[in-house]
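Trainee: I would like a close look at a single part of this protein. Could you walk me through one helix and then show me how its surroundings fit together?

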Amino acid sequence: MTASSAAPSGLSGLLADRIRDVPDYPKPGVVFKDITPLLADPVAFGALTDALAELCARYGATKVVGLEARGFILAAPVAVRAGLGFVPVRKAGKLPGATLGQAYELEYGTAEIEIHAEDLTPEDRIMVIDDVLATGGTAEASLALIRRAGAEVAGLAVLMELGFLEGRKRLEPALSGAPLEALLTV
């Protein structure tokens, strides 16, 4: 169970050793990066939570935004550990009440994410947390949504970046100088 071919050490090694490659899932030719073994290991999950909470402190975050769905699993405990509020960014139609939405392009079509705009204020600095940075579409949309809600982006942190998909390159303009931190790159 490794996330990369190199033998990483320290935190990277702990995390990478607990990510399982699942060939041909969800379709032939795709190697799915399954984080459930990492989540099942309290030492690894705790170390991941600590590392992401430290990034929140380093960049002066006042709230944590988690991206649906696996981003929720990572972001909620990080918010608790860092002593910050947690705000979910959901797929359109999943939040009750008034929402602010942001459409974005997918490989074949479009999608939309939403947030409760009243959960963010102009005084907030938001750390966006997700499990994987792939092409960057959802992350890019979340950055625009946060700014439209009036908050500032403190940064974007992910457990794993799929470097070959060049999501970082796509996100550079949308980050507007905010940091992008990936604990692992594959």
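Mentor: Happy to; we will start with helix 6 and then move outwards to the cores, the largest pocket and a few backbone details. Please keep in mind that this is a predicted model.

Helix 6 covers residues 167-175, and its buried residues are G167, L171, A174 and L175. If you look down the axis of helix 6, these buried residues fall within an arc of 90°, so they line one face of the helix. Here is a handy rule for thinking about that: an α-helix has 3.6 residues a turn, so residues three or four places apart point the same way. Now turn to the other side of helix 6, where K169, E172 and P173 are exposed.

What covers the buried residues? The cover includes strand 7 (125-133), helix 5 (137-148), strand 8 (152-161) and strand 9 (180-185).

Just past the end of helix 6 comes S176, in the loop between helix 6 and strand 9. S176 is not a glycine, yet its phi is positive, near 50°. With a relative accessibility of 59%, S176 counts as exposed, because the cut-off for that word is over 50%. For context, most residues other than glycine have a negative phi, and most peptide bonds are trans. D24 also has a positive phi, about 60°, although it is not a glycine; you will find D24 in the loop between strand 1 and strand 2. P26 is found in that loop too, between strand 1 (20-23) and strand 2, and a cis peptide bond with omega of about 5° joins Y25 and P26. Another cis bond runs from E68 to A69, with omega near 0°, and A69 lies in the loop between strand 3 (63-67) and helix 4.

Next, the nonpolar cores. The largest one holds 33 residues, of which L48, L52, I129 and L159 touch the most other members. At least two residues of this core come from each of helix 1 (10-16), helix 3 (42-58), helix 4, strand 7, strand 8 and strand 9. Helix 3 gives the most, with nine residues. A second, separate core has 27 residues, including L100, A141, V158 and L171. You have already met L171, as one of the buried residues of helix 6. Back in the largest core, take L159: leaving aside neighbours within four places in sequence, the residues in contact with L159 include L15, L48, L74 and L184.

Finally, the largest pocket, with about 1,300 Å³ of space. Of the 37 residues that line this pocket, R70, V132, A134, T135 and T138 are the closest to its centre. Strand 2 (31-34), strand 4 (85-91), strand 5 (100-106), strand 7, helix 5 and strand 8 each give two or more residues to the lining. Strand 7 has the largest share, four residues. Sorted by class, the lining has 21 nonpolar, five polar and eleven charged residues.

So which elements are worth finding again in your viewer? Strand 7, helix 5 and strand 8 are among the elements that cover the buried residues of helix 6, and these three also give residues to the lining of the largest pocket.

Conventions. Residues numbered from 1 in each chain as written. Predicted model: local features only at pLDDT ≥ 70, side-chain atom pairs only at ≥ 80, totals over all residues. Heavy atoms only, no water. Buried < 20%, exposed > 50% of the residue type's maximum accessible area, 1.4 Å probe, protein only. Arc of directions from axis to C-beta. Contact = heavy atoms within 4.5 Å. 1 Å grid on protein atoms, 1.4 Å probe; cavity = no way out; pocket = protein on both sides within 12 Å on 5 of 7 lines; lining within 4 Å. Points joined across faces, edges and corners; volume = space filled by probe spheres on them. Nonpolar A, V, L, I, M, F, W, Y, C, P; charged D, E, K, R; others polar. Core = buried A, V, L, I, M, F, W, Y, C linked by side-chain atoms within 4.5 Å.
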